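Student: I have a model to read. Can you take me through its side-chain features?
Tutor: Gladly; let us look at it together.

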Amino acid sequence: MKTLQRTLTIIKPDAVRKNAIGDIIEQFEKNGFSILCMKMLEISKHQAEQFYAVHANKPFFGSLTDFMSSGPIVALALEKEN
């Protein structure tokens, strides 16, 4: 039985700066994913800290949240069977 699965993916600031959005989306589509929703946005350091709160005690938490709030990101909701 086939079931549809959904996932969130984020194109990170470095890929956005390199103008790689189209190349990345092309790979999703080649691999059979459908894009349900896509939005470019910028998140604040506080928003990044909330999103990655599960990693708050890890040594990389500060650099992760700095990086994710350093520029625009593209958030996508993807869907694919199985």
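Student: Is Asp66 buried, exposed or partly exposed, and how do I read that?
Tutor: This is a predicted model, so treat each value as computed from its atoms. Asp66 has 44% relative accessibility. Exposed means over 50% and buried means under 20%, so Asp66 counts as partly exposed.

Student: Which residue forms a salt bridge with Asp66?
Tutor: Lys45 does, with the closest N and O atoms 2.6 Å apart. Asp66 sits in helix 4 (residues 61-68) and Lys45 in helix 3 (residues 45-51). They are 21 residues apart, and the pair links distant parts of the chain. Lys45 is partly exposed, at 29% relative accessibility.

Student: How many salt bridges does a search of the whole structure find?
Tutor: Four. One of them joins Glu79 and Arg6, whose closest N and O atoms are 2.8 Å apart. Glu79 belongs to strand 3 (residues 73-81) and Arg6 to strand 1 (residues 4-11), so this bridge ties together parts that are 73 residues apart in sequence.

Student: Are Glu79 and Arg6 buried or exposed?
Tutor: Glu79 is buried, with a relative accessible area of 13%. Arg6 is exposed, at 64%.

Student: Where do Lys30 and Glu26 lie?
Tutor: Both are in helix 2 (residues 21-30). They are four residues apart, about one turn of the helix. Their side chains meet in a salt bridge, 3.7 Å from N to O. Lys30 is exposed at 59% relative accessibility, while Glu26 is partly exposed at 37%.

Student: Now the rings. What describes an aromatic pair?
Tutor: Two values do: the distance of the centres and the angle of the planes. This structure holds two such pairs. In one, Phe28 and Phe33 are 6.3 Å apart, centre to centre, with 75° between the planes. That pair is edge-to-face.

Student: Why is the pair of Phe51 and Tyr52 edge-to-face?
Tutor: Look at the angle. The planes of Phe51 and Tyr52 stand at 85°, and over 60 degrees counts as edge-to-face, so the pair earns that label. The ring centres of Phe51 and Tyr52 are 4.8 Å apart.

Student: How accessible are the four ring residues?
Tutor: Phe28 is buried, at 17% relative accessible area. Phe33 is partly exposed, at 27%. In the other pair, Phe51 is partly exposed at 46%, whereas Tyr52 is buried at 14%.

Student: Which residue lies over the face of Phe33?
Tutor: Lys80 does, at 4.9 Å from the ring centre.

Student: What tends to happen to nonpolar side chains in soluble globular proteins?
Tutor: They tend to be buried together. Here the largest nonpolar core has nine residues, including Ile11, Ala15, Phe28 and Leu78. Helix 1 (13-17), helix 2 and strand 3 each give two or more residues to this core. Strand 3 gives the most, with three.

Student: Which residues does Ile25 touch, not counting those up to four places away in sequence?
Tutor: Ile11, Ile35, Met38 and Leu76. Ile25, Ile11 and Leu76 are members of the largest nonpolar core.

Student: How many residues are in the second core?
Tutor: Seven, among them Ala48, Tyr52, Leu64 and Ile73. This core is separate. Tyr52 thus appears twice in our reading: in this core and in the ring pair with Phe51.

Definitions and conventions. Residues numbered from 1 in each chain as written. Predicted model: local features only at pLDDT ≥ 70, side-chain atom pairs only at ≥ 80, totals over all residues. Heavy atoms only, no water. Phe/Tyr/Trp six-rings, centres within 6.5 Å; stacked < 30°, edge-to-face > 60°. Buried < 20%, exposed > 50% of the residue type's maximum accessible area, 1.4 Å probe, protein only. Lys NZ or Arg CZ within 6 Å of the ring centre and 35° of its normal. Core = buried A, V, L, I, M, F, W, Y, C linked by side-chain atoms within 4.5 Å. Contact = heavy atoms within 4.5 Å.
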